[in-house]
Amino acid sequence: MTAHENHGKGGAYEKTDARFGPTLRAGLYILGTMFLVAAIVVPLYRLFLREQTASQRPAASELQDRAAAGEPVGPRLVVSEPKALAVFRARENALLGSYAWVEKDRGIARIPIDEAMRIVAERGLPAFPVAEAGAAKPAAGGSR
């Protein structure tokens with residue numbers, strides 16, 4: 001009785017082992033194909049890599065320029081959080097507490113925040129005109 005004949009009588013699996021010769025041959029074919037592909041792909045990869053690196057522009061020289069200027073080349077890490085926060089707040093306070101031109105040609109200047117709050121307290125907030133509800137928006141369809 002063969003495996004196919006036994007299948008109909010309740011046997012749901014194959015009763016014979018795989019033959020060694022064909023299995024070994026299939027494994028050797030797969031292994032040989034892998035080596036053949038590697039023997040073709042690796043030299044092509046090296047060729048394309050050489051062509052790409054030869055045709056590319058040189059890397060940005062910003063790091064070299066910074067190193068020549070005596071600046072640190074690596075990332076600027078925060079070594080001391082309280083010190084960095086103090087420097088940040090000192091810059092903010094210098095901006096908030098000084099006079100300076102923002103746009104000199106248009107006559108826009110910056111004044112100290114304390115002075116600005118004093119002026120607003122004396123004069124009050126500016127009043128803006130309020131548009132009337134009916135006259136503010138024209139009809140969407142236009143007039144006929």
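Before counting anything, settle the terms: helices (H or I, at least four residues) and strands (E, at least two) are DSSP runs, numbered from the N terminus. The model is predicted, so local features need pLDDT of at least 70 and side-chain atom pairs count only at pLDDT 80 or more, while totals for chains, interfaces and linings use all residues. Residues are numbered from 1 along each chain as its sequence is written, and side-chain values use heavy atoms, with hydrogens and water left out.

**Exercise 1. Lay out the elements and the confidence.**

Task: work out how many helices and strands the chain has, in what order they run, and where confidence is lowest and highest.

Solution.
- Step 1: the count gives 5 helices and 2 strands.
- Step 2: reading from the N terminus, the order is α-α-α-α-β-β-α.
- Step 3: bring in pLDDT, the predictor's confidence in each residue, from 0 to 100. The chain averages 81, and 78% of the residues score at least 70.
- Step 4: split that by element. Helix 1 (residues 3-7) has the lowest confidence, with a mean of 52, and helix 2 the highest, at 94.

**Exercise 2. Gauge burial and contacts.**

Task: find what share of the chain is buried and what share of the contacts join residues at least 24 apart.

Solution.
- Step 1: fix the classes. Buried means under 20% relative accessible area, exposed over 50%, and partly exposed in between (1.4 Å probe, protein chains only).
- Step 2: apply them. Of the 144 residues, 3% count as buried.
- Step 3: get the area, using the Shrake-Rupley method with a 1.4 Å probe (for residues, only the protein chains shown count as cover). The chain's accessible surface is about 13,900 Å², and 62% of that belongs to carbon and sulfur atoms.
- Step 4: look at contacts (heavy atoms within 4.5 Å). Among those between residues at least 6 apart in sequence, 0% join residues at least 24 apart.
- Step 5: try one pair. Leucine 95 and proline 112 are 17 residues apart in sequence, with their C-alpha atoms 7.9 Å apart. Leucine 95 sits in helix 4 (residues 81-96) and is partly exposed because its relative accessibility is 47%.

**Exercise 3. Take the hairpin apart.**

Task: describe how strand 1 and strand 2 pair, and which residue in the turn has a positive phi.

Solution.
- Step 1: check the pairing rule, which asks for at least two bridges found by DSSP between the strands. Strand 1 (residues 100-103) and strand 2 (residues 108-110) have 3 bridges and run antiparallel.
- Step 2: pick a bridge. Tryptophan 101 has alanine 109 in strand 2 as its partner.
- Step 3: go to the turn. The hairpin has 4 residues between its strands, and glycine 107 there has a positive phi of about 80°.
- Step 4: add the side chains. Arginine 106 and glutamate 103 form a salt bridge (3.1 Å, N to O). Arginine 106 is exposed at 60%, whereas glutamate 103 is partly exposed at 31%.

**Exercise 4. Trace the salt-bridge network.**

Task: say how many salt bridges the structure holds and which residues share partners in one network.

Solution.
- Step 1: use the cut-off, a side-chain nitrogen of Lys or Arg within 4 Å of a carboxyl oxygen of Asp or Glu. The total is 3.
- Step 2: start at arginine 118, whose closest N and O atoms to glutamate 115 are 2.5 Å apart. The two are 3 residues apart in helix 5 (residues 113-123), so about one helical turn separates them.
- Step 3: arginine 118 also bridges to glutamate 122 (2.6 Å, N to O). That pair is 4 residues apart in helix 5, again about one turn.
- Step 4: join them up. Shared partners link Glu115, Arg118 and Glu122 into one network.
- Step 5: compare exposure. Glutamate 122 is exposed at 55%, while arginine 118 is partly exposed at 37%, as is glutamate 115 at 25%.
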